[in-house]
Amino acid sequence: MTHVLLPGFGFRASLWEEVMAGTAHECLALEVPIRPNWSETVAALAQMGGAGTYVGYSMGGRLALGVALECPELVERLVLISTSPGIADPTDREARRRADERWNEILVDQGFEAFLDGWLDQPMFRDLGPAVRRHRIDDPATISRQLRVLGQGVMPSYWSRLAELETPVTIVAGAHDEKYVNLARAMGEAIGENASVRVFAEAGHSLVLERPQRVAELL
């Protein structure tokens, strides 16, 4: 069974290198394609990935969830790492869209390095160290497009559709990432008996980089 691996916001497919080295499964790490909107991006990933287990980290998890809901015949198993199903409240969703637009303004007005320094200074990323930059996309146009097309402020909320998932779903979060631990548990309840929730001790948001061997063992 092929494992289709989708990276998070601003990351290249190389994010998954250590995970792939630690598993015997056939893996296909995909770059997130450039498409005009969320739905076309999900459709493109489904076409690129084909049938298999879909594994996504953060933004990649949201996209993998989109594939599972829109093309359920392709997804034999779903693994969501540090993932949100979107924002249900329209006011909160608009606030997130505006926040992402402010990040985009930093990118345009102050340059890529200023944007990246600010983004990685957020609490959820501060423990990663300089090695995280090796896997970052360094094209400002691609970063800008992901902010505007794939952010939680513009994607649909999938909360009301989680019960549609019939494939086995594993939801993973790091114990230090309290927000996403709570999201993981809420998602598991909404999905039902085919969902399992795993919390990795001594880890934060970026599990693929922080605990690649644990992620490989999980797969």
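Which residues of helix 4 are buried? In this predicted model, they are Asp100, Trp103, Asn104 and Leu107. These four residues cover an arc of only 100 degrees around the axis, which puts them on the same side of helix 4. An α-helix has 3.6 residues a turn, so residues three or four places apart point the same way.

The buried residues of helix 4 pack against helix 5 (112-120) and helix 6 (140-149). On the face turned away from the buried side, helix 4 carries the exposed residues Thr91, Asp109 and Gln110.

The length of helix 4 can be checked against expectation. Helix 4 comprises 21 residues (90-110), and at 1.5 Å a residue these should span 30 Å; the end C-alpha atoms are 30 Å apart, which agrees. At the start of the helix, a side-chain oxygen of Asp89 reaches to within 3.0 Å of the backbone nitrogen of Thr91. Just after helix 4, Gly111 takes a positive phi of about 100 degrees.

The table lists the helices discussed here.

| Helix | Residues and role |
|---|---|
| Helix 4 | residues 90-110; end C-alpha atoms 30 Å apart |
| Helix 5 | residues 112-120; packs against the buried residues of helix 4 |
| Helix 6 | residues 140-149; packs against the buried residues of helix 4 |

Helix 6 also takes part in a cavity. A search of the whole structure finds two cavities of 30 Å³ or more, and the largest has a volume of about 60 Å³. Its lining consists of Val32, Pro33, Ile34, Arg35, Thr41, Thr142, Arg145, Gln146, Val149 and Leu150. Helix 6 gives the most to this lining, with four residues.

Methods. Residues are numbered from 1 along each chain as its sequence is written. This is a predicted model: local features need pLDDT of at least 70, side-chain atom pairs count only at pLDDT 80 or more; totals for chains, interfaces and linings use all residues. Side-chain values use heavy atoms; hydrogens and water are left out. Helices (H or I, at least four residues) and strands (E, at least two) are DSSP runs, numbered from the N terminus. The expected span of a helix is 1.5 Å times one less than its number of residues. Buried means under 20% relative accessible area, exposed over 50%, partly exposed in between (1.4 Å probe, protein chains only). The arc is that of the directions from the helix axis to the C-beta atoms. Contact means heavy atoms within 4.5 Å. A polar contact is a pair of N or O atoms within 3.5 Å; within protein, one must be able to donate a hydrogen and the other to accept it, and residues adjacent in sequence count only if both atoms are side-chain atoms. On a 1 Å grid over the protein atoms alone, a cavity is a set of points where a 1.4 Å probe fits but cannot get out, and a pocket is an open set with protein on both sides within 12 Å along at least five of seven lines; lining residues have an atom within 4 Å of a point. Grid points are joined across faces, edges and corners, and a volume is the space filled by probe spheres set on the points.
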